[in-house]
Amino acid sequence: MAASEMKLLYLIALVLSLMAQPLHADNWQQAVQKQIAAIERAVAPYRDIRQARADGWRRTTAHVPLMGEHWARRDGVDYVVGDALDLHRQSNLIYAEIGGRMELIAVSYVVRIGPNDPMPRGFSGPADVWHVHNLDQILAALGEKRPLIARLGSRWVARNFAQDGNRRLAMVHVWLYGNNPAGVFENLNPTLPYRRLGLGPAYSDGASLDAAQGIALAHPNGCDNELDGKLWLAAVTGQKKRALGRICRQMQAQVRASLDRPPAELNRVAAEAWRVFDEQRFMLLSDDERRRMLSIVEGAGGTCAVVQ
């Protein structure tokens, strides 16, 4: 065998051996840290919400418990399956009112994918957690009780997305400012309700997700934030909606009455208040109402608490 052939075989073997080796944890974690640092530099001006407004960012959602408000630009980036993320171009800025001012707490990236496409690979390593908002699924749920709104929504989707069929919105959050013990890419941040009420790490460290949800109810707008959007999507009105509002306010009052208690005791009260509220909501809603409520996230199941 010629020397050149031997060199070629050696090169192929070397490449294959490198491909077979998993990326060392330290390597991808360092790469992720660099990616997050790049995002922080890119969005630094938007820590002042006035600059975000000046640059065309507008609020697209109310405050979502454990998540915040999503802001977007009308001329924002449109990532489609196969596109590489430009970390300097975010799909959403995420704000929350903390200490009387709007603080930038996270960003998100949204990639439109097709019916059978896998989740995007947006960041180094395996840590990024994506969830999907399926436009067809949401419009079908809306159409059951609000056909006019569903038709208008379907026309908008067809006008904007029909050309490529990528009507599933894969989304990942990146938590930038303030620790998220669940992980930098997780959908929810359980420390956020505590920060919004001025409760420090002594309260949030080690608290359960149920406790964080209960603390979120204790915010003055907690019940509106928890119920309004979900009940609208589920088409829950009238007496049932009022009953859920009463139950929520009762649990809210219990948590608020305990805000001056030690952390462990407050978290116990908050977790129990959330469980009572969520169980009562589950029992009051019909199967169809729960299904419509859960339609906002593809593959969601279980209790109503998973819908964010």
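**Exercise 1. Which element gives the most to the lining of the largest pocket?**

Keep in mind that this is a predicted model. Let's build up to the solution in steps.

- Start with the space itself: the largest pocket holds about 1800 Å³.
- Next, look at what surrounds that space. The lining is made up of 50 residues, and those nearest the centre are Thr60, Thr61, Leu169, Met171 and Ile296.
- Now go through the elements. Among those that supply at least two residues each are strands S1 (57–59), S2 (69–73), S5 (101–113) and S7 (168–175), along with helices H4 (135–145), H5 (147–161) and H9.
- Pick the top contributor: H9 gives the most, with eight residues.
- To round this off, sort the lining by class, and you get 23 nonpolar, 16 polar and 11 charged residues.

**Exercise 2. Work out what span helix H10 should have, and check it against the model.**

- Helix H10 runs over residues 238–256, which makes 19 residues.
- At 1.5 Å a residue, and counting one less than the number of residues, the helix should span 27 Å.
- In the model, the end C-alpha atoms of H10 are 27 Å apart, so the two values agree.

**Exercise 3. Find which residues of H10 are buried, and what covers them.**

- Use under 20% relative accessible area as the cut-off for buried.
- On that basis, the buried residues of H10 are Ala243, Leu244, Gly245, Ile247, Cys248, Met251, Gln252 and Val255.
- Their cover includes helices H8 (209–218), H9 (222–234) and H11 (263–284).

**Exercise 4. Describe the second largest pocket and say which helices help to line it.**

- Its volume is about 150 Å³.
- Lining residues include Pro220, Asn221, Cys223, Asp224, Leu227, Lys241, Arg242, Gly245 and Gln252.
- H9 and H10 each supply at least two residues of this lining.
- Gly245 and Gln252 turn up here as lining residues, and both are also buried residues of H10.
- By class, the lining splits into four nonpolar, three polar and five charged residues.

**Exercise 5. How many cavities of 30 Å³ or more does the whole structure have, and what lines the largest?**

- Searching the whole structure turns up one cavity of that size.
- The largest cavity has a volume of about 60 Å³.
- Around it sit His63, Pro65, Leu66, Leu192, Pro193, Arg196, Ala216, Gly222 and Asn225.
- Helix H6 (192–196) and H9 are the elements that give two or more residues to this lining.
- H6 has the largest share, with three residues.
- Sorted by class, the cavity lining has five nonpolar, three polar and one charged residues.

How values were computed
Residues are numbered from 1 along each chain as its sequence is written. This is a predicted model: local features need pLDDT of at least 70, side-chain atom pairs count only at pLDDT 80 or more; totals for chains, interfaces and linings use all residues. Side-chain values use heavy atoms; hydrogens and water are left out. Helices (H or I, at least four residues) and strands (E, at least two) are DSSP runs, numbered from the N terminus. Buried means under 20% relative accessible area, exposed over 50%, partly exposed in between (1.4 Å probe, protein chains only). Contact means heavy atoms within 4.5 Å. On a 1 Å grid over the protein atoms alone, a cavity is a set of points where a 1.4 Å probe fits but cannot get out, and a pocket is an open set with protein on both sides within 12 Å along at least five of seven lines; lining residues have an atom within 4 Å of a point. Grid points are joined across faces, edges and corners, and a volume is the space filled by probe spheres set on the points. Ala, Val, Leu, Ile, Met, Phe, Trp, Tyr, Cys and Pro count as nonpolar, Asp, Glu, Lys and Arg as charged, and the others, Gly among them, as polar.
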